[in-house]
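Subject: Handover of a structural model

Dear colleague,

Please find below the sequence and structure that I am handing over to you. My notes on what was found follow directly after.

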Amino acid sequence: MREGTAPTIQRLDYQQPTFWIRKVDLSFDLDPAKTIVTSKLQVERNRAMPHGPLRLHGEELNLLRVLINGAGVSFRQEGHELVIDNPPDEDFLLEIRNTICPEKNTALSGLYTSGGSFFTQCEAEGFRRITYFLDRPDVMAVYTVTLRADAAKYPVLLSNGNLTSSGSLDNGRHFAVWHDPFPKPSYLFAVVAGDLVAREQRIRTRAGKDHLLQVYVRRGDLEKTEHAMNSLIASIVWDEARFGLPLDLERFMVVGVSDFNMGAMENKGLNIFNTAALLASPATATDADFARIESIVAHEYFHNWTGNRVTCRDWFQLSLKEGLTVFRDQEFSMDMAGTPSARAVCRIQDVRQLRAMQFPEDSGAMAHPVRPDSYSEINNFYTSTVYEKGSEVVRMYQTLVGRKGFEAGMKLYFERHDGQAVTCDDFAAAIADANPGSDLATRLDSFKRWYSQAGTPRVTAHGEYDAATQAFTLRLTQQTPATPGQTDKLPQVIPVVMGLLDRHGAALPLDANGATERVLVLDQAEQTFVFNGIASEPVPSLLRGFSAPVVLNDGLSDAALLVLMRHDSDPFNRWEASQRLALNRILHALRAGQPLTLSPVFIDAMRGVLNHPELDPAFKELALTLPGEAYIAEQLDTFDPQAIHAAVMAAQTQLASALRDDWAAAFEANQVQGGYTPDPVSSGKRALANLALSMLVLDAQATGDTVWPGKAYQRFKDASNMTDRLGALSALVNANAALAAPALERFHALFKDDALVIDKWFALQARAPEAEGRVFARVKALTKHADFTLKNPNRARSLLASLCMANPAAFHRADAAGYVFWAEQVLAVDAINPQLASRVARAMDRWAALAEPYRSAAREAIARVAAKPDLSSDVREIVERALASGTQASP
Ligand code: B3K
Ligand code: ZN
């Protein structure tokens, strides 16, 4: 465990390493209590750098010996470094032997055991917990790995690349040798050893090459790997078709593990997955799980080019691979979805996620640019800014140069940088150079402010129509709020995809050629765009498809929003209009400090959506779901989580009651017949039926009706898939129906042996709408449940992250008990797994914007945690940044 204050690393301090490691020959004698690691490294001096000692990173290692060219050498151990002061000037062979203890590795970084098997996680800096090394992404080497282990306990021995030999040894042990021909940084190294089974598939790619695909899991889980295998094949086909990027390995392996700190990891040729992001069957996984698995399998596969073939020079460039790969997986999911409406559903879900996670991050204590300037613990910067905002930045390149132009830019990027460790600037240059004269190339320097400025830009639009000249003048202004450590912001390059509608909803021509859509490039603090020949006062539809990650204030009236919601050709903006109608009402009630009452106009508009003959069920579900509480909080300078929750609940109850008959009709009309498939049409129907059911049970709870709770219970019992079963269970739990308790009990009994389903059982209870403190009390009780443990990240998150990060009204309590709970849990987890603890610690990111009494109580809890002397550097960075953010002048 790393303790104390870690030094702050600055982006501008980057220097090349003083040595390169070209070849790595590793051997492992695997044993849970004491694994012996022997490492032979071919080292050469980097002639571009001044002479200096060789300093290798190492943590939690027990060093046995160090040899250079076969002979002993003098060395020192200094902090987390092994220092050799006088290495030879010529190339040399460095041999290091050390031991490690995988079974005691609860941090799940480096080599560890889970369920009796061995797994590794090296990104970002886990390799140094296996052996001493230049553990930085710009040192790329060719690896050969020998694994030796007990043959009965660990029949499967895997590492990156191709298997070159294997066989038996004495004492019931066996061995395998793996060779990876592609030079790679240490963070992409992986080892797996255990009693696993594989689903296999042979494929032939366009170039006529044969490949073996394997998905390894524990015995008994094989039938849950079909969806992952199909997703992998689809990803391979897509990357070749869309970007001309083929699979470059003879063998591509994916392995599932139950104890894992995140979703999955793109190790070269040996992706390792959290089982939650890999295993699916209709009975145990929801539609959302199926979609998430498809996108994560794709994401890790796409990293093979964007991340592995071309990697990051240093960790400040993380978005180079993550933003780009998220963009690629989002494009893949849209292409897989097919119809324009199904594509829009994907886009809406991505934007909803961005607004729920990244917007709050950008306005909280941890606000940082897509390319951060400093960190003390790099694991704290695998954030939604680096990933999701980074992906929006890549999307803006595509919007500015067009789809073809972007593909040309990607081609140039690989021509220039295949096999290299590069920077975000290199990526920007490749896209711009492939598109000379484009809106991007002519503004490249200002466009790159997206990498350096934190904070979500605010764009304000004001339109003026002059009937006499038939001209519509659109004035756009932009301003980015101050963030911790960054006060003065410059204008950014914001592509605003837009159109104009007349008051009946018809698209108006924007130029002499009759085009109805344009990309306005806003790159100044204030700009005016004039549209001529506009016959009547238009309704502007701005930022179509969410063309930039900004907050737009266009001041549109309800009447204008209704035109957009009913008629915009851009489905994203139709959805956005529905959300804005709801948001305006909720914000109005909150600002006035009055109870919320929905107007008949709003109710009728929502009824219109629900009963619309042409809209897809998936779209209806998204339009009828109210904005999330975190997103609402984002719109306010200071927020009271209880008031927000009360307003949302009031809106929901009124919508439930006013549309009672319509919900009942929608529930009946959206039943899916036949066998389960997670396709967009059937999953959309299930989503709408489940929303309708929860509205009906909620309404029944208010009126005392018992029919709908009874129906929900029946559906819960009879459901043939997890989406419907969990949907019915949530309807009961969320409404606090009397049947919730027996249903929960039954659900637990049914799935007690399936850890991933039991995670859902915990999470559902921790995410239930708070009323009278019962959800909080329930979560506290559940921490004592026999199935609960802080050691398994999925299980810990199912309660802790669900309560502290996804249920504001249950967490932010006037009596501060939520904060006391948070502090206790963060400290308890920190002693086991610092990466997990620091994720939970981030629940307090936005404390400074809380209303009293929450604000003072939250600050006190953070200060108590920060006062602990033995915090990990991970948690320390989070709580110290949190405290510092409260002392800055507010923006
Ligand atoms: N690259 C990994 C994340 C590693 C996180 C290290 N703390 C998964 C991914 O983004 O694909
Ligand atoms: Zn990634």
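A residue is called buried when its relative accessible area is under 20%, exposed when that value is over 50%, and partly exposed in between. By this cut-off Gly405 is buried, because its relative accessible area is 10%. Gly405 belongs to helix H5, which covers residues 384-417. Its C-alpha atom is separated by 46 Å from that of Thr113, a residue 292 positions away along the chain. Please bear in mind throughout that this is a predicted model.

Domains in the record

UniProt, in an unreviewed entry, lists three domains that I have compared with the model. "Aminopeptidase N-like N-terminal" is placed by UniProt at residues 25-188. In the model that span is 0% helix and 54% strand, and its end C-alpha atoms lie 15 Å apart. "Peptidase M1 membrane alanine aminopeptidase" is given by UniProt as residues 228-438. Here the chain is 56% helix and 9% strand, with 39 Å between the end C-alpha atoms. For residues 558-884 the UniProt name is "Peptidase M1 alanyl aminopeptidase C-terminal". This span is 71% helix and 0% strand, and its end C-alpha atoms are 41 Å apart.

The zinc site

Which residues coordinate the zinc ion (ligand 2)? The donors are His299 and His303, each through NE2, and Glu322 through OE, at 1.9 to 2.1 Å. Along the sequence, these donor residues follow the spacing H-x3-H-x18-E. His299 sits in helix H2 (residues 287-302) and Glu322 in helix H3 (residues 318-337), so this pair ties together parts that are 23 residues apart in sequence. Both His299 and Glu322 are buried.

Ligand 1

Glu322 also has a polar side-chain atom 2.9 Å from an oxygen atom of ligand 1. Two further side chains approach this ligand through N or O atoms: that of Glu300 lies 2.8 Å from a ligand oxygen, and that of Asn379 lies 2.8 Å from a ligand nitrogen. Taken alone, ligand 1 exposes 340 Å², of which the protein buries 94%. Strand S20 (264-265), H2 and H3 are the elements that give two or more residues to the surrounding shell. In total, 15 residues surround the ligand, and the closest are Glu123, Glu266, Glu300, Asn379 and Tyr387. By class, the shell holds six nonpolar, four polar and five charged residues.

Two buried threonines

Thr325 is located in helix H3. Is Thr325 buried or exposed? Its relative accessibility is 0%, and Thr325 therefore counts as buried. The side chain of Thr325 reaches the backbone oxygen of Lys321 at 2.5 Å. Thr306 occupies the loop between H2 and strand S22 (311-312). Thr306 is buried because its relative accessible area is 1%. A polar contact of 3.1 Å links the side chain of Thr306 to the side chain of Arg328.

Backbone details

Most residues other than glycine have a negative phi, and most peptide bonds are trans. The following places depart from that pattern.

- The peptide bond between Glu123 and Ala124 is cis, with omega about -5 degrees. Ala124 is in the loop between strand S11 (117-121) and strand S12 (141-150). Glu123 was named above as one of the closest residues to ligand 1.
- A cis peptide bond also runs from Glu852 to Pro853, where omega is near 5 degrees. Pro853 is part of the loop between helix H25 (834-841) and helix H26 (854-866).
- Asn69, which is not a glycine, has a positive phi of about 50 degrees. Asn69 lies in the loop between strand S5 (62-68) and strand S6 (71-72). With a relative accessibility of 49%, Asn69 counts as partly exposed.
- Asn736 likewise has a positive phi, near 55 degrees. The loop between helix H18 (722-734) and helix H19 (740-751) contains Asn736. Asn736 is partly exposed, as its relative accessible area is 35%.

With kind regards

Conventions:
Residues numbered from 1 in each chain as written. Chains lettered and ligands numbered in written order. Predicted model: local features only at pLDDT ≥ 70, side-chain atom pairs only at ≥ 80, totals over all residues. Heavy atoms only, no water. Donors = N, O, S within 2.8 Å, 3.2 Å for Na, K, Ca; no water. Helix = DSSP H or I, 4+ residues; strand = E, 2+ residues; numbered from the N terminus. Buried < 20%, exposed > 50% of the residue type's maximum accessible area, 1.4 Å probe, protein only. UniProt positions renumbered as here; feature names shortened; annotations may be inferred. Near = heavy atom within 4 Å. Polar contact = N/O pair within 3.5 Å; in protein donor to acceptor, adjacent residues only side chain to side chain. Areas by Shrake-Rupley, 256 points an atom, 1.4 Å probe, with all protein chains shown as cover. Nonpolar A, V, L, I, M, F, W, Y, C, P; charged D, E, K, R; others polar.
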